[in-house]
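Open the model in your viewer and keep the sequence panel in sight. This tour tells you what to select next and what you will find there.

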Amino acid sequence: MTSADPPAGTIGLRRVVRDGLILTKRNLFKYIRVPTLLVFSTVQPIMFVLLFVFVFGGAIDVPGGSYTNFLLPGIMVQTALFGSTNTGIGLADDMSKGIIDRFRSLPMARSAVLVGRTLSDGIRNIFVVLLITTVGYLVGFRFQAGFLKALAAIGLAALVSFAFSWISANIGLSLREVETVQAAGFIWIFPLTFASSAFVPVETMPGWLQAFAEINPVTVTVDALRALVLGGPLQPALNQALLWIFGILAVFIPLGVRNYRRAV
């Protein structure tokens, strides 16, 4: 290697990024070729918006008075988390069909498969979040803290989706069967989502549940998103949310790469 050559680590990173983007494109094209995948992934969050607004909206008192404005940030985070389960399902499906074995025969970085899967699922989740935000506007939701904070809110939802996709990836690589991975995803997503401030104020919960809800990563992320969307104090919720997100990435990215090498 000459003095003008980039370090080996830089070459490896470039290769991961390049191959990861190629696989991201491949996974996104799958939604274009099979549009029903995207349709069905958007139906559930839209149903949550409509049901919670029109069924529970008149029965739940929230700060500020508008349950629709209170609800939408929670639905945005819920959509990001539910969408992240597709990462594990997709990896298990690719393994069962032998697609990942074919990737192994190609001259590409192994971790690029995980990068491509998590990035493509993150992009899809951003689209779904934007869609439910549009539906929210139709039923009365409004951004109240300005355009830049609205963009920051979408970015935070995308970031939490990306982090939880790595948790899902590890589940998919460990369990491998599509049906099992799908069932396992809801086992850990549902308690985190519903035992949080996504749909009701934490103060309305029993004391023992409040203790869990207050440190729940979903609660602090929803609270930060709510501050970005509606205004109000942003700290300490944003710092806590980012701490959770980067902590999850620091643990589950290396673990995912290790599990992927063992699985294949």
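Helices here are DSSP runs (H or I) of at least four residues, numbered from the N terminus. With that in hand, you can place Leu50 in helix α2, which covers residues 35–56. Bear in mind as you go that this is a predicted model.

**Stop 1: the whole chain**

Show the protein chain as a cartoon. How many helices and strands are there in the protein chain? You should find 10 helices and zero strands, so the pattern along the sequence reads α-α-α-α-α-α-α-α-α-α. The radius of gyration is 20 Å, close to the 18 Å that the globule rule gives for 264 residues, so the chain is as compact as a globular protein of that length. Along the principal axes, the C-alpha atoms fill a box of roughly 65 × 45 × 35 Å.

Now switch on the surface. The chain exposes about 12,800 Å², and carbon and sulfur atoms supply 69% of that area. Of the 264 residues, 48% count as buried. Contacts tell you about the fold too: among those between residues at least 6 apart in sequence, 79% join residues at least 24 apart.

**Stop 2: a nonpolar patch**

Go back to Leu50 in helix α2. Is Leu50 buried, partly exposed or exposed? Leu50 is partly exposed, because its relative accessible area is 34%, and partly exposed means the range between 20% and 50%. Next, select Val39, Phe40, Val43, Met47, Leu50, Leu51, Phe54, Val55 and Phe56 together: they make a nonpolar surface patch of about 880 Å². A handy idea for looking at any helix is that an α-helix has 3.6 residues a turn, so residues three or four places apart point the same way.

**Stop 3: helix α3**

Select residues 67–96, which form helix α3. Its 30 residues should span 44 Å at 1.5 Å a residue, and its end C-alpha atoms are indeed 44 Å apart. How many of the 30 residues of α3 are buried? The count is 28, so α3 is mostly covered. Just past the helix, Gly98 takes a positive phi of about 80°.

**Stop 4: the salt bridges around Asp94**

Show side chains as sticks. The model has four salt bridges, and two of them can be seen at Asp94. One partner is Arg26, where the closest N and O atoms are 3.3 Å apart. Asp94 lies in helix α3 and Arg26 in helix α1 (residues 8–33), so this pair ties together parts that are 68 residues apart in sequence. Asp94 is buried, with a relative accessible area of 3%, whereas Arg26 is partly exposed at 25%.

The other partner to select is Arg117, with closest N and O atoms 2.8 Å apart. Arg117 sits in helix α5 (residues 111–138), so the pair ties together parts that are 23 residues apart in sequence. Arg117 counts as buried, at 6% relative accessibility. Through their shared partners, these salt bridges join Arg26, Asp94 and Arg117 into one network.

Before moving on, click on Asp93. Asp93 forms a salt bridge with Lys97, and their closest N and O atoms are 3.2 Å apart. Asp93 is buried, with a relative accessible area of 17%.

**Stop 5: Phe103**

Which helix holds Phe103? Phe103 is in helix α4, residues 99–104, and counts as buried at 13% relative accessibility. Leaving aside neighbours within four places in sequence, Phe103 is in contact with Leu23, Arg26, Met108 and Val113. You have already met Arg26 as a salt-bridge partner of Asp94. For a distance exercise, use the C-alpha atoms of Phe103 and Arg124: they are 22 Å apart in space, and the two residues are 21 apart in sequence.

**Stop 6: backbone details**

Select helix α6, residues 147–175. Its 29 residues reach 42 Å from first C-alpha to last, close to the 42 Å expected at 1.5 Å a residue. Just after α6, Arg176 takes a positive phi of about 75°.

For the last selection, pick Pro236, in the loop between α9 (217–230) and α10 (237–263). The peptide bond from Gln235 to Pro236 is cis, with omega near 5°. Why stop at such places? Most residues other than glycine have a negative phi, and most peptide bonds are trans.

How values were computed: Residues are numbered from 1 along each chain as its sequence is written. This is a predicted model: local features need pLDDT of at least 70, side-chain atom pairs count only at pLDDT 80 or more; totals for chains, interfaces and linings use all residues. Side-chain values use heavy atoms; hydrogens and water are left out. Patches are made of residues with over 30% relative accessible area and no salt bridge: like charges are joined within 9 Å, nonpolar side chains (Val, Leu, Ile, Met, Phe, Trp, Tyr) within 5 Å. Accessible areas come from the Shrake-Rupley method with a 1.4 Å probe; for residues, only the protein chains shown count as cover. A salt bridge is a side-chain nitrogen of Lys or Arg within 4 Å of a carboxyl oxygen of Asp or Glu. Helices (H or I, at least four residues) and strands (E, at least two) are DSSP runs, numbered from the N terminus. Buried means under 20% relative accessible area, exposed over 50%, partly exposed in between (1.4 Å probe, protein chains only). Contact means heavy atoms within 4.5 Å. The radius of gyration is taken over C-alpha atoms; the globule rule is 2.2 Å times the number of residues to the power 0.38. The expected span of a helix is 1.5 Å times one less than its number of residues.
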